[in-house]
Amino acid sequence: MARIGVISISDGRNHVHARNARFIQSKQDTLVRSLTASGHEVVTGDDLVATNTLATAVARHVARADVDLTIFYYAVWSFPHFTMLAADATRSPLILLASTDPTEPGLVGMLAAGGALDQIGRRHTRLWGAPDDPGLGAEIAVHARAAAAVAGLRGSTFGRFGGRPMGMNTAVANTDQWMRQFGIDVEEIDQYELVLRAERADAAEAKKAREWIEATAAGVHYDGNKLTPELLERQIRSYLAVREIIAERGLDFSGIKAQPELTEHFATMDVTEAFLNDPYDWNGPKEVHVTATEADMDGALTMRLLHLVSGDPVLFADVRHYHADLDIWDLCNSGQHATWYAARSADPAENLSKVNFYPEVFFFPAGGASVQHIAAPGRMTLARLTRNEGRYRLQLMLGEFESYDEATTQRLVRQSTPEWPHAFARLDVDGPVFLSRFGANHIHAVPGDRRGELRAVAGLLDIDLDEWSR
């Protein structure tokens with residue numbers, strides 16, 4: 001979950017603090033137990049804040065623990081300047097949390113402190129409730145996940161294999177802006193490095209992987225031309241090569257250009273990208289390494305945030321077609337959906353049993369396998385970081401992935417590219433609104449409703465929120 005700091009602010013009058021200390025401590029203890037029971041690591045201040053000196057010292061003590069989020073807790077009336085001093089010594093996002101026990105004016109203390117922070121422009125979130133209220137715990141968890149996600153961006157490195165793909169401006173971001181706003185460095189890696197390493201990758205490992213895919217997938221449809229065992233192993237060796245580069249250069253997430261150089265002269269990167277985004281490969285469970293096709297930087301950044309707030313693999317897709325008669329979107333791309341989305345199961349075999357590896361189509365002369373399946377149904381959060389006049393905005397909506405009978409599915413699939421993966425999505429936004437305002441050709445999704453976390457992330461990162469609903 002997250003590492004959360006908790007600091008309780010008190011009254012600065014000695015006799016009042018002496019009267020209130022036990023009450024404050026009991027409320028803080030209940031809050032800490034509730035947060036810990038929810039899975040968070042909690043770092044408490046080493047004293048209640050009742051003096052100027054303690055305000056700074058206690059906040060610095062908590063800050064040294066490198067917390068993702070700091071809660072200033074108000075169980076009683078609290079001198080607001082203690083909050084100001086503690087906030088100055090705190091670098092993590094802030095929640096001002098008020099007890100709603102009516103026997104003491106905790107709400108008054110929180111409002112006075114919040115107003116003081118407003119006056120100096122210090123951002124914070126205000127929450128209130130009983131310290132063991134499950135609803136309050138859920139709200140804190142949303143903000144904690146958002147804060148942990150933002151902290152997870154800072155100090156990270158994005159591996160960019162290749163440059164701008166096919167003139168796609170929305171796939172290229174300003175590296176200075178990324179460092180300034182998100183704390184992310186960009187490591188530029190030539191695709192030739194990938195080719196060289198793939199050629200000398202472990203042949204026995206590639207064969208083992210190919211045989212696992214053949215035994216586990218719904219089908220591997222060799223045609224003797226665009227897809228052969230040798231081409232599939234070349235794609236697998238590319239995966240091994242990228243994994244090697246990730247480890248050597250300490251990459252936290254990546255993007256691979258592929259088109260047109262690799263797709264015309266080497267092999268497609270669909271197998272590589274799918275298994276990098278999966279939580280497993282033929283050797284068992286592994287960490288997801290978020291990887292965007294076409295080296296889409298803002299796409300990869302969106303995926304990284306979605307992964308950090310959810311823990312799940314993230315879908316990458318083109319907005320391929322809008323079936324206006326059904327109000328359904330076909331989210332489809334050139335074969336790179338993580339195989340996890342076929343069934344969203346913890347069992348790789350269950351997912352792969354719904355995945356076909358087809359020969360690549362005419363776009364890609366070098367050949368290789370596309371990774372084809374129909375995404376499993378369920379509630380989804382769909383999002384994309386785009387830029388409007390250089391300023392980031394988070395375009396955000398809910399949707400539902402749907403499944404249909406075989407005849408309907410095949411009819412829809414054949415209207416686009418049947419060899420590629422598809423997610424049939426009903427979005428919580430009117431089609432004309434989406435097409436008029438969406439700022440990219442790629443979109444990304446994770447299961448469940450993650451809008452709360454993403455709203456909080458947008459606030460923490462100074463990103464405009466562009467949220468859509470019907």
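1. In this predicted model, a good residue to begin with is Phe401, which, once its neighbours within four places in sequence are set aside, is in contact with Leu315, Leu331, Ala375, Ala376, Pro377, Gly378, Met380, Leu382, Ala423, Phe424, Ala425 and Ala445.

2. Phe401 also belongs to the largest nonpolar core, a set of 97 residues in which Phe401 is listed with Trp178, Phe182, Leu331, Phe357, Leu382 and Phe434 as having the most contacts inside the core. Among the elements that supply this core, helix 9 (residues 229–249) gives the most, with eight residues. As background for a reader new to the subject, nonpolar side chains tend to be buried together in soluble globular proteins.

3. Turning to the strands, strand 15 (residues 356–359) and strand 16 run antiparallel and are joined by four bridges, and within this pairing Pro359 stands opposite Ala369 of strand 16. Which way do the residues of strand 16 point? Ala369 and Val371 point one way from strand 16 (residues 369–372), while Ser370 and Gln372 point the other way, and all of these residues are buried.

4. There is also some enclosed empty space to consider, since the structure holds one cavity of 30 Å³ or more, and the volume of the largest cavity is about 50 Å³. Its lining is made up of Lys257, Ala258, Gln259, Thr263, Thr268, Met269, Asp270, Glu273, Thr293, Glu294, Ser334 and Phe364, and the residues of this lining divide into five polar, four charged and three nonpolar.

Technical notes
Residues numbered from 1 in each chain as written. Predicted model: local features only at pLDDT ≥ 70, side-chain atom pairs only at ≥ 80, totals over all residues. Heavy atoms only, no water. 1 Å grid on protein atoms, 1.4 Å probe; cavity = no way out; pocket = protein on both sides within 12 Å on 5 of 7 lines; lining within 4 Å. Points joined across faces, edges and corners; volume = space filled by probe spheres on them. Nonpolar A, V, L, I, M, F, W, Y, C, P; charged D, E, K, R; others polar. Buried < 20%, exposed > 50% of the residue type's maximum accessible area, 1.4 Å probe, protein only. Helix = DSSP H or I, 4+ residues; strand = E, 2+ residues; numbered from the N terminus. Pairing = 2+ DSSP bridges. Core = buried A, V, L, I, M, F, W, Y, C linked by side-chain atoms within 4.5 Å. Contact = heavy atoms within 4.5 Å.
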